[in-house]
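Please have the sequence and the coordinates side by side while reading. The paragraphs below start at a single loop residue and then pass from the surface to the interior.

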Amino acid sequence: ARKLALSLAAASEAPHFDRAAFRTPRKIFATLANSGADINLMFDADNQEFYCEQAGEAFAPVAGGWGRMGCTRCDLAKVDEATRLSALKAAHALAAPKKK
């Protein structure tokens with residue numbers, strides 16, 4: 001997951017509490033657990049609904065307010081690489097700098 005996240009345009013990694021945060025110059029698009037077991041993706045409501053519906057065994061809204069705002073947990077042991085990359089790209093696109 002780390003390698004995929006960092007392969008996206010203008011992505012960088014920085015510590016974020018007990019996780020590693022992946023961000024564009026504009027904002028965080030994902031956070032990876034230090035154990036590497038799961039990644040939280042900063043989705044909008046549409047992306048959250050899509051991934052939770054398509055791969056409910058791997059994706060679920062984060063509990064509480066963050067989940068209501070689109071933050072979605074992905075269990076990395078339960079998702080294939082193509083879906084993982086697709087989800088990372090979707091979160092990354094939402095964090096991309098606004099076009100002028």
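At 79% relative accessibility F17 counts as exposed, where exposed means over 50% relative accessible area, buried under 20% and partly exposed in between (1.4 Å probe, protein chains only). F17 is found in the loop between β1 and β2, the helices (H or I, at least four residues) and strands (E, at least two) being DSSP runs numbered from the N terminus. Although F17 is not a glycine, it has a positive phi of about 55 degrees. The model is a predicted one, in which local features need pLDDT of at least 70 and side-chain atom pairs count only at pLDDT 80 or more, while totals for chains, interfaces and linings use all residues. Residues are numbered from 1 along each chain as its sequence is written, and side-chain values use heavy atoms, with hydrogens and water left out.

A second residue with positive phi is A10, whose value is near 60 degrees and which is likewise not a glycine. A10 is found in the loop between α1 and β1 (12–16), and with a relative accessibility of 53% it counts as exposed.

K27, in the loop between β2 and β3, is partly exposed, because its relative accessible area is 36%. Leaving aside neighbours within four places in sequence, K27 is in contact (heavy atoms within 4.5 Å) with L94 and A95. The C-alpha atoms of K27 and Q54 are separated by 26 Å, the two residues being 27 apart along the chain.

From these loops we turn to the interior. The largest nonpolar core, a set of buried Ala, Val, Leu, Ile, Met, Phe, Trp, Tyr and Cys residues joined through side-chain atoms within 4.5 Å, has 25 residues, and those with the most contacts inside it are F29, I39, L41, F59 and L88. Two or more residues come from each of α1 (2–6), β2 (19–23), β3 (28–33), β4 (38–42), α2 (45–54) and α4 (81–95). Of these elements α4 gives the most, with five residues.

What does I39 touch beyond its neighbours within four places in sequence? The contacts of I39 are with A1, R19, A30, T31, L32, T72, R73, C74, L76 and L88. On helix α4 the reader can also find A87, which counts as buried because its relative accessibility is 1%. Not counting residues up to four places away in sequence, A87 touches L41, F43, Y51 and F59. For one of these partners, F43, the C-alpha to C-alpha distance to A87 is 8.8 Å, with their positions 44 residues apart in sequence.

Two strand residues, T31 and N40, can be followed together. T31 lies in strand β3 and counts as buried, since its relative accessibility is 4%. N40 has its place in strand β4 and is buried too, with a relative accessible area of 12%. With residues up to four places away in sequence set aside, T31 touches H16, R19, A20, A21, D38, I39, N40 and M42. On the same basis N40 is in contact with R19, F29, A30, T31, V62, C71, T72 and R73. The side chains of T31 and R19 also make a polar contact at 2.9 Å; a polar contact is a pair of N or O atoms within 3.5 Å, and within protein one must be able to donate a hydrogen and the other to accept it, while residues adjacent in sequence count only if both atoms are side-chain atoms.

Which residues lie nearest the centre of the largest pocket? They are I28, T31, M42, W66 and C71, out of 15 lining residues, and β3 and β4 each supply at least two residues of that lining. The volume of this pocket is about 330 Å³. On a 1 Å grid over the protein atoms alone, a pocket is an open set of points where a 1.4 Å probe fits, with protein on both sides within 12 Å along at least five of seven lines, and lining residues have an atom within 4 Å of a point. Grid points are joined across faces, edges and corners, and the volume is the space filled by probe spheres set on the points.

The cysteines remain. A search of the whole structure finds zero disulfides, a disulfide being a pair of cysteine sulfur atoms within 2.5 Å. C71 is buried, with a relative accessible area of 6%, and its sulfur is 11 Å from the closest cysteine sulfur, in C52, which is too far for a bond. C74 is in no disulfide either, as the nearest cysteine sulfur, that of C52, is 9.6 Å away. C74 is buried, with a relative accessible area of 1%.
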